[in-house]
Amino acid sequence: MRSLWLNTLTRQGLYRLSTLKYSTSVEPKEPLVKTKSIPGPKSIELKKQLDSVQATGTIQFFADYDKSIGNYIHDVDGNILLDVYTQISSVPLGYNHPRLFNVFNNEQNVKTLINRPALGVFPGKEWPEKLHSVLQSIAPKGLNKITTMMCGSCSNENAYKAIFIWYQNKLRGNTPLTDQERNSCMINIPPGAPKLSILSFKGAFHGRTLGALSTTHSKYIHKLDVPSFDWPIASFPQYKYPLEENVAYNKKEDEKCLSEVQDLIKQYASKVPVAGVVVEPIQSEGGDNEASPEFFQSLQAICKKNGIALLIDEVQTGGGSTGKFWCHEHFNLDGPPDVVTFSKKLQLGGYFHNDDFAPKEPYRIFNTWMGDPGKVLLLEEILKVVKEDNLLANVNVAGKVLKEGLLSLEKEFPHILNSTRGRGTFLAINCTNTNVRDQIVGALKLHGVQTGGCGEISIRFRPALVFKEYHANIVLDRFRQVLKAI
């Protein structure tokens, strides 16, 4: 069906789709699984080929991206899965959205793609305008500067560096750098390489580079055998559900964790002072653990009181899947966070900040690419579609159906499921144990639904922004079939 669609469009011109309103009518009507197991035989053979040159232990199956469309991912064995995992929450408009084909049906944009610059030294003439018109258009209120990067890990890694530089500049004041600072940093000792830390939370995931990994605490496999900094780790609230029935308990969880944050800041002040706090609006990889607006408001107040920076990591939550473009917009904070990192749905990485977190000296925050202007071109078109098709409203409508359906399944199968939670379509539900969770995720795949686990016992849902109510109903129907068979 899609081949005919593309052939027709090709005859009209090379993907000239500016006047074509994307419609999920080109999608399959429902998932279709042809093989007895996934991965199927063709995926298994490709995995053997790849294994000769690259580690393959994480690969679930090989996709056919030529055939994948909208909310559906096709694999090489002919299976068609309704994808509510979307490349670990990285696909904003589904697969092969026609508006994105148009982006490179333009000679100037193709030149941007093939002449990839070292943006920190040789940016193209269009770069300032693109930063203003594209990235600045989605900047969190109050943050007027952007530092672009490639991925989530390097976004957090460099944001940490910016925080350390900011912190030391506050201590240094207008005093010029000393020879002692210049020389000592070259052999990794103070004062040039100061003893500073970033406070993080148990269950957090902020990336796998060395600094980011020191603040990641979701799974041991990410950290095993890799040296880490001695930085403070606070408890993150572990709520009981439903929220409305556990208000007092959850409030005490907030208070306990916030008290721990303050105590750790005090404890580390004399040995490795805390320069900043990093936190996810919803801990994603760690189990979709959420905290109240009051928790984040108080955390921000603690940071301000102690003169340390608040970094909100929106790598997975940013881009609209919680029903607002930035998840922290739900929290009614007293002013913006100091730094907000992003990646995934936004196609490239980076962080928003204000003038205070922009180093005065060149090359302090730097790498060869410093982002990718080709990805900004894609993001520009994505943001137009999000606005024109009112996709944030769609997220809230579809999310309501999916969440209410999960709550209904939880009541129907209380011996298997509990603790439905989340915002928009950024949702999760707990299973009784890890084995049951893994069994359900595997069975859902064989019923045509691609989802994923997080934490020890949770199933997470990360559909694209074009996921609609009827998609939610398909997911819920297949989920119920799986649960009845357990």
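Trp 127 is a good place to start: in this predicted model, Trp 127 counts as buried because its relative accessibility is 11%, and buried means under 20%. You will find Trp 127 in helix α6, which covers residues 127-135. Try comparing its position along the chain with its position in space. Trp 127 and Gly 320 are 193 residues apart in sequence, and their C-alpha atoms lie 25 Å apart.

## Salt bridges across the chain

Stay with helix α6 for a moment. How far apart in the chain are Glu 380 and Lys 130, which form a salt bridge? Glu 380 sits in helix α13 and Lys 130 in helix α6, and 250 residues separate the two. The closest N and O atoms of Glu 380 and Lys 130 are 2.8 Å apart. Lys 130 is buried, because its relative accessible area is 16%.

The model has 18 salt bridges. Here are three of them, each linking distant parts of the chain.

| Salt bridge | N to O distance | Separation in sequence |
|---|---|---|
| Glu 380 and Lys 130 | 2.8 Å | 250 residues |
| Lys 145 and Asp 355 | 2.8 Å | 210 residues |
| Asp 288 and Arg 462 | 2.4 Å | 174 residues |

Look at the second row of the table. Lys 145 belongs to strand β3 (residues 145-149), while Asp 355 is in the loop between β11 and α13. Lys 145 is partly exposed, with a relative accessible area of 32%, and Asp 355 is also partly exposed, at 44%.

Now turn to the third row. Are Asp 288 and Arg 462 buried or exposed? Asp 288 counts as buried, because its relative accessibility is 2%. Arg 462 is buried too, with a relative accessible area of 2%. Both residues of this pair are in loops: Asp 288 between β7 (282-283) and β8 (289-290), and Arg 462 between β16 (458-461) and α16 (469-485).

Salt bridges can also share partners, and in this way Arg 99, Glu 381 and Glu 388 are joined into one network.

## A nonpolar patch on the surface

Next, let us visit the outside. Val 121, Phe 122, Tyr 363 and Phe 366 form a nonpolar patch on the surface, and together they have about 440 Å² of accessible area. Tyr 363 lies in the loop between β11 (349-353) and α13 (373-388). Tyr 363 counts as exposed because its relative accessibility is 59%, and the cut-off for exposed is over 50%.

## Two pockets

The largest pocket holds about 1400 Å³ of space. Which residues lie closest to its centre? Of the 48 residues in its lining, these are Gln 60, Tyr 85, Ile 88, Glu 285 and Arg 460. Several elements give two or more residues to this lining, including α3 (86-89), α7 (152-172) and β15 (452-454). Helix α15 supplies the largest share, with 4 residues. Sorted by class, the lining of the largest pocket has 17 nonpolar, 20 polar and 11 charged residues.

The second largest pocket has a volume of about 1000 Å³. Its lining consists of 27 residues, and those nearest its centre are Phe 164, Cys 185, Gly 192, Ala 193 and Pro 194. The elements giving two or more residues here are α7, α8 (179-185) and α9 (210-214). Helix α7 gives the most to this lining, with 8 residues. By class, the second lining divides into 14 nonpolar, 5 polar and 8 charged residues.

## Unusual backbone spots

Most residues other than glycine have a negative phi, and most peptide bonds are trans. Some places in this model go the other way.

Start with the peptide bonds. Ile 38 and Pro 39 are joined by a cis bond with omega of about 15°. Pro 39 is in the loop between α1 (2-12) and α2 (41-51). Another cis bond runs from Tyr 241 to Pro 242, where omega is near 0°. Pro 242 is found in the loop between β5 (233-234) and α11 (247-268).

Then come two serines with positive phi. Ser 89 has a phi near 65° and lies in helix α3. Ser 89 is buried, because its relative accessible area is 0%. Ser 419 has a positive phi of about 65°, and its place is in strand β12 (residues 417-423). Ser 419 is also buried, with a relative accessible area of 12%.

Methods: Residues are numbered from 1 along each chain as its sequence is written. This is a predicted model: local features need pLDDT of at least 70, side-chain atom pairs count only at pLDDT 80 or more; totals for chains, interfaces and linings use all residues. Side-chain values use heavy atoms; hydrogens and water are left out. Patches are made of residues with over 30% relative accessible area and no salt bridge: like charges are joined within 9 Å, nonpolar side chains (Val, Leu, Ile, Met, Phe, Trp, Tyr) within 5 Å. Accessible areas come from the Shrake-Rupley method with a 1.4 Å probe; for residues, only the protein chains shown count as cover. A salt bridge is a side-chain nitrogen of Lys or Arg within 4 Å of a carboxyl oxygen of Asp or Glu. Buried means under 20% relative accessible area, exposed over 50%, partly exposed in between (1.4 Å probe, protein chains only). On a 1 Å grid over the protein atoms alone, a cavity is a set of points where a 1.4 Å probe fits but cannot get out, and a pocket is an open set with protein on both sides within 12 Å along at least five of seven lines; lining residues have an atom within 4 Å of a point. Grid points are joined across faces, edges and corners, and a volume is the space filled by probe spheres set on the points. Ala, Val, Leu, Ile, Met, Phe, Trp, Tyr, Cys and Pro count as nonpolar, Asp, Glu, Lys and Arg as charged, and the others, Gly among them, as polar.
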